[in-house]
Amino acid sequence: MNSYQNKMAKRKNIVFIAQSLDGYIAGPSGEIDWLDMVANPGGEDMGYLALMQDIDAIIMGRNTFDFVANYDGPWPYPKKVFVLSNTLQSVPQHLTDKAEIIKGKPKAILDNLGKQGLYTFYIDGGVTIQSFLREDLIDELRITTLPILLGGGYALFGDMEKRLTFEHESTAVYLGQLVQSRYVRRDIDFPLQT
Ligand SMILES: NC(=O)c1ccc[n+]([C@@H]2O[C@H](COP(=O)([O-])OP(=O)(O)OC[C@H]3O[C@@H](n4cnc5c(N)ncnc54)[C@H](OP(=O)(O)O)[C@@H]3O)[C@@H](O)[C@H]2O)c1
């Protein structure tokens, strides 16, 4: 492998997200109170810390950033956050060393961040995930499904011009109620060999 191929081989974009049974990541007003519908007295992190160790940085949409930036609690990310936005001019003063605004198409963004030595990303936010999927730039989906029908809201997935197949890697049940499945992007011929 030459150095370009080496760098490309290191590339990995991971989605780690919770959805309702009907496929929403937030309710109609952006509400995510339902993410706490199952008691979690032991503070089970459901793979979050392991994910943080796997990645170089986080790419998230402006709506998701707005929510996290206004959240009344400690900053939750140990890695740099790149905020996708065409409208945001700056991040709040207290987050200037933690978050940076970027814009552009997903492929161009990844190429630019690769030049900074960043290759592995946690991709977050519905519109953002959908725009990466449209360019076939998601390598792994880690989706936790909660037992609730929201009836509407912000969808995890949207329209795409072509199908993308994934291979199921594992499924775990947390707190007896939350089902987390991992899928790895692979071109698969039908019928699936199991
Ligand atoms: N259930 C969960 O685990 C979970 C996880 C994350 C978020 N959420 C919730 O989901 C909701 C937000 O999701 P969302 O669907 O609105 O998506 P989002 O991806 O967080 O935000 C969408 C915004 O990101 C910007 N954006 C996206 N792609 C861009 C690109 N290529 N270039 C420039 N800007 C781009 C645009 O902002 P501008 O308009 O500024 O250009 C766009 O309006 C919030 O309620 C959040 O709390 C839930």
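Me: Before we start, what does it take for a residue to be near a molecule?
Reply: In this predicted model, we look at the residue's C-beta atom, placed from the backbone. The residue is near a molecule if that atom lies within 6 Å of it.

Me: Thanks! How many residues surround the ligand?
Reply: Picture a shell of residues around the ligand, with Gly61, Asn63, Thr64, Gly125 and Gly126 as the closest. By class, this shell has 12 nonpolar, 11 polar and three charged residues. The number that surround the ligand is 26.

Me: Which helices supply at least two residues each to that shell?
Reply: Strands S1 (12-20), S2 (24-26) and S3 (57-61) each give at least two residues to the shell. Two helices do so as well: H3 (62-69) and H5 (126-134).

Me: Which residues touch the most other members of the largest nonpolar core?
Reply: This core has 26 residues. Elements giving two or more residues to it are S1, S2, S3, strand S4 (81-84), strand S6 (120-124) and H5. One of the best-connected members is Ile58, whose contacts include Val81, Phe82, Phe121 and Tyr122. The full set with the most contacts to other members is Val15, Ile58, Met60, Tyr122 and Ile123.

Me: Now Thr165: is this residue buried or exposed?
Reply: Thr165 sits in the loop between strand S8 (154-155) and strand S9 (166-174). Leaving out residues up to four places away in sequence, Thr165 touches Arg186, Asp187 and Ile188. A residue with 12 or fewer other C-beta atoms within 10 Å is exposed. Because Thr165 has 12 such neighbours, Thr165 counts as exposed.

Technical notes: Residues numbered from 1 in each chain as written. Predicted model: local features only at pLDDT ≥ 70, side-chain atom pairs only at ≥ 80, totals over all residues. Helix = DSSP H or I, 4+ residues; strand = E, 2+ residues; numbered from the N terminus. Nonpolar A, V, L, I, M, F, W, Y, C, P; charged D, E, K, R; others polar. Buried ≥ 20, exposed ≤ 12 C-beta atoms within 10 Å, placed from the backbone. Contact = placed C-beta atoms within 7 Å. Core = buried A, V, L, I, M, F, W, Y, C linked by C-beta atoms within 7 Å.
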